[in-house]
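Student: Got a minute to go through a structure with me? I'd like to start with the charged side chains and then move on.

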Amino acid sequence: MAFPHDSNETSYLLPPNNEDWDRQAIPDFVYGQKDLMAEGIQWPRNAPGILEALPQSPFDAALCCAWKQRVELGLFRYRLRELQTQILPGAVGFVAQLNVERGVQRRRPQTIKSVRQAFDPEQFNFNKIQPGEVLFRLHREPDLPGTLLQEDILVVINVSPLEWGHVLLVPEPARGLPQRLLPGALRAGIEAVLLSLHPGFRVGFNSLGGLASVNHLHLHGYYLAHRLPVEQAPSKPLDPGGHLHLLQGLPAPGFLFYTRGPGLDLESLIRRVCRATDYLTDHEIAHNLFVTRGAPPGKTSPSSALTGVRVILWARKSCFGIKDGEAFNVALCELAGHLPVKTSQDFSSLTEAAAVALIQDCRLPPSQAEEVQAALMALMSQEEQ
């Protein structure tokens with residue numbers, strides 16, 4: 001998928017001479033309340049996979065223009081071309097993509113032994129990236145609710161991209177934060193989704209043990225020109241206040257949080273989600289999180305409008321390191337229904353049943369899953385008091 005290059009968008013580009021890259025100040029992308037678009041973002045009716053004609057927000061233009069320049073400058077491990085894509089036949093609607101180069105050329109994951117592992121400055125981290133890999137810094141205007149202290153959220157290219165525009169949202173790298181979700185990072189991820197006019201711009205988080213390959217706090221963001229099952233999957237409420245729902249109809253049920261957009265409702269959602277991820281981390285339970293535009297909780301249909309933002313949280317078995325020999329590894333995008341497949345043979349032979357089996361193998365044992373659900377329901381009830 002390609003986006004038009006905006007020749008007028010130059011402030012996020014690197015200077016021609018690479019010797020000047022490390023001396024150039026990181027540009028700020030400044031946004032306020034008016035830039036967060038909560039409603040009216042929909043998939044095209046007739047051609048959901050063809051999005052070049054869709055309008056771009058300033059955020060989309062900045063990200064895509066700067067990202068494309070970094071492609072041309074050769075800052076990625078491989079040049080991402082249009083990926084072979086198929087919708088697997090079946091009830092789920094998996095979006096499978098063949099991405100051989102990512103499977104071969106991505107950096108090997110760090111050695112992780114605990115969901116709560118401390119940050120290690122000797123290991124690779126985002127203070128060690130090359131000049132030019134940072135696109136810009138997200139800067140919130142004072143009119144937005146949230147923390148009083150401004151946090152620096154760097155938008156950095158993922159040098160082994162899953163899809164077009166694959167970036168990392170990295171909060172204040174110099175602080176050396178381990179890969180544990182914090183409210184400021186989650187807020188930046190949700191607001192990035194709200195800054196985009198593209199219905200397929202998604203954000204996600206992998207915990208340690210949930211296939212995070214770097215123990216330095218970061219979220220993923222990327223464009224995918226396809227609907228995903230999690231956007232409109234049905235759900236049932238788990239608490240009287242309707243703040244926590246159980247997502248159904250997917251191989252791995254997840255906990256669904258929903259907001260219509262910026263404001264106090266979004267701040268409450270951030271607080272609830274982080275209480276849930278804190279519980280999981282403190283109890284050594286790996287987890288994945290996915291942020292997408294989606295339909296309200298409840299019984300939905302394929303035509304349901306994307307009226308807000310869905311945040312889906314999965315508690316899962318810990319997996320430390322990449323499993324070789326499998327068609328795909330189960331992390332944030334696979335649980336959401338996007339399957340980056342490593343080899344041509346696996347891509348041509350993959351079935352929905354095989355994909356479901358791989359995903360279900362990562363689910364918690366039933367007794368532990370019930371314990372986690374009860375604990376999160378209790379946390380939500382405390383929120384109401």
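Tutor: We'll talk through salt bridges, then a helix, a sheet and one arginine, keeping in mind that this is a predicted model.

Student: Cool. How many salt bridges does a search of the whole structure find?

Tutor: The search turns up 12 salt bridges.

Student: Which side chains does Arg180 meet in salt bridges?

Tutor: Asp278 is one partner, at 3.5 Å from N to O. Asp282 also meets Arg180 in a salt bridge, at 2.8 Å.

Student: Where do Arg180 and Asp282 lie?

Tutor: Arg180 is in the loop between β6 and α3, while Asp282 is in helix α4, so their salt bridge ties together parts that are 102 residues apart in sequence. For accessibility, Arg180 is partly exposed at 28%, and Asp282 is partly exposed at 40%.

Student: Any salt bridges that share partners elsewhere? Which residues do they join?

Tutor: Asp28, Arg137 and Asp152 are joined into one network that way.

Student: And what does Asp20 pair up with?

Tutor: Asp20 has a salt bridge to Arg23, with 2.6 Å between the closest N and O atoms. Arg23 counts as exposed because its relative accessibility is 60%, and the cut-off for exposed is over 50%. Asp20, at 28%, counts as partly exposed.

Student: Back to α4. How far does that helix reach from its first C-alpha to its last?

Tutor: Helix α4 covers residues 264-282, which is 19 residues, and reaches 27 Å. That's close to the 27 Å expected at 1.5 Å a residue.

Student: What's the phi of Glu284, which follows α4?

Tutor: Glu284 has a positive phi, near 55°.

Student: Switching to sheets. In what order do β2, β3 and β14 sit?

Tutor: The order is β2-β3-β14, in an open sheet of 3 strands with mixed pairing. β2 (85-87) and β14 (338-341) are the edge strands, each pairing on one side only. On average, neighbouring strands in this sheet are turned by 20° against each other, ignoring direction.

Student: Is the β3 and β14 pairing parallel or antiparallel?

Tutor: Parallel, over 4 bridges, with β3 running over residues 95-98. Leu98 has Val341 in β14 as its bridge partner.

Student: Last one: is Arg140 buried or exposed?

Tutor: Arg140 counts as buried because its relative accessibility is 13%, and the cut-off for buried is under 20%. Arg140 belongs to strand β4 (residues 134-140). The Arg140 side chain also makes a polar contact with the side chain of Glu191, at 2.8 Å.

Definitions and conventions:
Residues numbered from 1 in each chain as written. Predicted model: local features only at pLDDT ≥ 70, side-chain atom pairs only at ≥ 80, totals over all residues. Heavy atoms only, no water. Helix = DSSP H or I, 4+ residues; strand = E, 2+ residues; numbered from the N terminus. Buried < 20%, exposed > 50% of the residue type's maximum accessible area, 1.4 Å probe, protein only. Polar contact = N/O pair within 3.5 Å; in protein donor to acceptor, adjacent residues only side chain to side chain. Pairing = 2+ DSSP bridges. Axes fitted to C-alpha atoms, helices over the stretch in contact; angles between N-to-C directions. Expected span 1.5 Å × (residues − 1). Salt bridge = Lys/Arg side-chain N within 4 Å of Asp/Glu carboxyl O.
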